[in-house]
Amino acid sequence: TGFVRYFISPSGRKVRLTGERLRHICQRHPEVEPYLRQFQAVFDAPEFYQCRPHESVVARKVNGLYLVIYFRESVATDESFILTAHLMSKIHKLFT
């Protein structure tokens with residue numbers, strides 16, 4: 001077993017962050033690493049939450065930037081997990 005951290009989505013589902021996804025985020029989006037401790041706050045009180053056909057998105061403003069977390073939210077099973085995360089300066093870009 002490796003690193004696993006769990007969060008609760010706005011819809012009440014358990015969402016896991018695995019070591020593999022954490023490495024992906026830190027390697028592909030190193031600017032997010034200082035914000036990893038903020039993931040809980042984003043899930044607890046997102047300013048933006050959207051369910052899409054293949055992913056869900058939560059975002060919250062942290063230190064002047066939006067921390068955006070993409071995750072696959074399974075309705076049928078308890079297999080919801082974080083895909084990736086990044087920072088954005090303007091949240092309206094999530095709507096395009």
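Two rings of Phe, Tyr or Trp count as an aromatic pair when their centres lie within 6.5 Å, and the angle between their planes then sorts them: under 30 degrees is stacked, over 60 is edge-to-face, and anything else is tilted. Keep that in mind as we walk through this structure, which is a predicted model. By that rule, the structure holds three aromatic pairs.

Let us begin with F7 and F39. Their ring centres are 6.1 Å apart and their planes meet at 50 degrees, which makes the pair tilted. F7 belongs to strand β1 while F39 belongs to helix α2 (residues 39–44), so this pair ties together parts that are 32 residues apart in sequence. Both partners are hidden from solvent: F7 counts as buried at 2% relative accessibility, and F39 is buried with a relative accessible area of 1%. F7 also meets F43, and here the centres are 5.3 Å apart with the planes at 15 degrees, so this pair is stacked. F43 lies in helix α2 and F7 in strand β1, so the contact ties together parts that are 36 residues apart in sequence. F43, like F7, is buried. Stepping back, ring pairs link F7, F39, F43 and F71 into a cluster.

Now follow strand β1 itself. Where does this strand sit in the sheet? Six strands form an open sheet with mixed pairing, and their order is β1-β2-β6-β5-β4-β3. β1 and β3 (48–51) stand at the edges with a single partner strand each, so one side of each is left without a neighbour in the sheet. Averaged over the sheet, neighbouring strands are turned by 30 degrees against each other, direction ignored.

At one edge, strand β1 (residues 4–8) runs antiparallel to strand β2 (residues 14–18), and five bridges join them. If you look for I8, you will find K14 of β2 standing opposite. The hairpin of β1 and β2 has five residues between the strands, and within this hairpin G12 takes a positive phi near 95 degrees. K14 has another partner to look at: K14 lies over the face of Y6, at 4.8 Å from the ring centre.

At the other edge, β3 and strand β4 (residues 56–62) run antiparallel and are joined by four bridges. Here Y49 stands opposite V58 in β4.

A helix covers part of this sheet. α1 packs on the sheet, where it touches β2 and β6, and the direction of α1 makes about 65 degrees with that of β2. Which residues of helix α1 (residues 19–28) are buried? They are G19, R21, L22, H24, I25 and C26. The buried residues of α1 pack against β2, α2 and β6 (80–88), and with α2 we are back at the helix that holds F39.

Finally, let us turn to the charged side chains. How many salt bridges does a search of the whole structure find? It finds three. One of them joins R13 and E73, with the closest N and O atoms 3.7 Å apart. R13 lies in the loop between β1 and β2, and E73 in the loop between β5 (65–72) and β6, so this salt bridge ties together parts that are 60 residues apart in sequence. The two ends have their own surroundings: R13 counts as partly exposed at 25% relative accessibility, whereas E73 counts as buried at 14%.

Another salt bridge joins E20 and R21, and its closest N and O atoms are 2.8 Å apart. E20 is partly exposed, with a relative accessible area of 42%. R21, at 18% relative accessibility, falls on the buried side, because buried means under 20% relative accessible area. R21 also appears among the buried residues of α1, so this residue, buried by the 20% cut-off, takes part in a salt bridge as well.

The remaining salt bridge is between E55 and R52, where the closest N and O atoms are 3.2 Å apart. E55 counts as partly exposed at 23% relative accessibility, and R52 also counts as partly exposed, at 25%.

Methods
Residues are numbered from 1 along each chain as its sequence is written. This is a predicted model: local features need pLDDT of at least 70, side-chain atom pairs count only at pLDDT 80 or more; totals for chains, interfaces and linings use all residues. Side-chain values use heavy atoms; hydrogens and water are left out. Two strands pair if DSSP finds at least two bridges between them. Helices (H or I, at least four residues) and strands (E, at least two) are DSSP runs, numbered from the N terminus. Rings of Phe, Tyr and Trp (its six-membered ring) pair if their centres lie within 6.5 Å; planes under 30 degrees apart count as stacked, over 60 as edge-to-face and the rest as tilted. Buried means under 20% relative accessible area, exposed over 50%, partly exposed in between (1.4 Å probe, protein chains only). A charge sits over a ring if NZ of Lys or CZ of Arg is within 6 Å of the ring centre and within 35 degrees of the ring normal. Contact means heavy atoms within 4.5 Å. A salt bridge is a side-chain nitrogen of Lys or Arg within 4 Å of a carboxyl oxygen of Asp or Glu. Axes are lines fitted to C-alpha atoms, for helices over the stretch in contact, and angles run from 0 to 180 degrees between N-to-C directions.
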